[in-house]
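Student: I have a structure to read and many terms to learn. Can we go through them one by one?

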Amino acid sequence: ANQPLPSTTYEIDPHYRPGPNNSWNFTLQRELPGSGLLEVGYLRRTASGLYSPMELNQVPFFMVYGGQSFAQAFDGLAAQIKAGSSITPQAFFEKALAGSSFCAAPNASCTAGVAAKYSGNFTNQQPRTVWSGIQPSFVFGPATAINNQISTLFFWASQGISDYNAGFISYRTRRYKGLTLDVNFTYSHSLDDAGRNQDFDTATTNSYNLRYDYGTSLFDRKYVLNLLGMYELPFHATGAAGYVVKGWALAPIFSAYTGTPLKITTGSSQEFGQGSSTSAGAIALTPYTGGNSVHSGVAGNATTQVGITGNPATGGTGMNLFADPNAVYGSFRPVMMSLDTTSQGGTIRGLNRWNLDLTILRKFKFSERWSATFNAQFFNIFNHVLFSDPSASLQSPTSFGVIGSQYNSPRAIQLGLHVDF
């Protein structure tokens, strides 16, 4: 409140309109013995004109001066700094910064001056920080509003797209010999521009081309199996024993599904010059074949420091998504603005999930008016532990793939008695 100058402004496209969406489906149904119904189908949904948060003053990394783009100059100098090699002049820096303090002694060149001041930002893949620092010294003046008036011009537009395809099979039966059952299996794939929604105030990684973010949706699950039902136990007896054993029922709810996408990230959240975005995915040098299960007893690599926070000898969990986190870490490289055209590289699958809840119930009837229903509900009945997906950032090697928290809740038992009169 009462700030003379906000660091971020928020605007919405005055022509914003809800986007169109389309849906197609094809279903076959077949009645089966035992009051059963089998259904097989295909579903597709597409949408356009979706909510798309953008940043109007993102670094124009494609800008060319002196015959070279800023992206090429940044990537070229970053490679030299990371390799520890000698600094060779980059045309963009030499021409755009000519006559500035970056070019003055003791710097051998304008490029060397930029490297001397922003070496760490090149190493950590932070082109926005470098751009913000050098553009006041451009011979043609600042090219964006960064550092002049505000840091971020946030803008809500409607340029997003999505595409969902699914095949499914389901079976259901109703009170057949005491059994009521619904079971369905879905194989699907959802694609969109990074899965943004109206409550997500983080811009796309490249506001100049939203398709850089087009890929598997954040919520996508490839396989999903759901089962729910109730089975009235066929216990029969007479007299007092019959009153006790008759009328019991079991009602399970089972679900199993593959993990959501897990992105191995570059880690800077500035890979394409953006300032308020999630980090872009790293680029795989070789196809990832490591699976998505929990590996125990993983200490990490003491030499490279990859995954060492999980070392059980130093108080770590010993659990990692990767059997050899150092090998996986080395099979990815950071995004390069001058080469890569996607922020969705490095996307693998997180941990698979399953859970079983069970209710045991019995209705006792005392008279025409009075009855009571007893139920015992078991949530996560097997007390099966599910772990949260780990982080996997190239800029946080020590925690790369380390699993350290629980995703689900421990088993809970709830007893209830419902009286009707």
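**Reading the terms**

Tutor: Start with contacts, meaning heavy atoms within 4.5 Å. Among contacts in the chain between residues at least 6 apart in sequence, 70% join residues at least 24 apart. Note that this is a predicted model: local features need pLDDT of at least 70, side-chain atom pairs count only at pLDDT 80 or more, and totals for chains, interfaces and linings use all residues. Residues are numbered from 1 along each chain as its sequence is written, and side-chain values use heavy atoms, with hydrogens and water left out.

Student: What makes the chain more spread out than a compact globule?

Tutor: Set its radius of gyration, taken over C-alpha atoms, against the globule rule, 2.2 Å times the number of residues to the power 0.38. The rule gives 22 Å for 421 residues, and the chain has 29 Å, well over that, so it is more spread out. Along its principal axes the C-alpha trace spans about 105 × 60 × 50 Å.

Student: How do you know that Cys 103 and Cys 110 form a disulfide?

Tutor: A disulfide is a pair of cysteine sulfur atoms within 2.5 Å. Here the sulfur atoms of Cys 103 and Cys 110 are 1.8 Å apart, and they form a disulfide. The structure holds one disulfide.

Student: Why is this disulfide of Cys 103 and Cys 110 called right-handed?

Tutor: The torsion about its S-S bond is about 105 degrees, so it is right-handed.

Student: Why is Cys 110 called buried, and what is Cys 103 called?

Tutor: Buried means under 20% relative accessible area, exposed over 50%, partly exposed in between (1.4 Å probe, protein chains only). Cys 110 has 5%, so it is buried. Cys 103 has 22%, so it is partly exposed. Over the chain, 42% of the 421 residues count as buried.

Student: What makes helix α4 largely enclosed?

Tutor: Helices are DSSP runs (H or I, at least four residues), numbered from the N terminus. Six of the eight residues of α4 (residues 127–134) are buried, so the rest of the structure largely encloses it. Among the buried ones are Trp 131 and Ile 134. Their cover includes α1 (70–83) and α3 (110–123).

Student: Which residues touch the most other members of the largest nonpolar core?

Tutor: A nonpolar core is a set of buried Ala, Val, Leu, Ile, Met, Phe, Trp, Tyr and Cys residues joined through side-chain atoms within 4.5 Å. This one has 30 residues, and those touching the most other members include Phe 70, Phe 122 and Ile 134. Helix α1 gives the most to this core, with seven residues.

Notes. Helix = DSSP H or I, 4+ residues; strand = E, 2+ residues; numbered from the N terminus.
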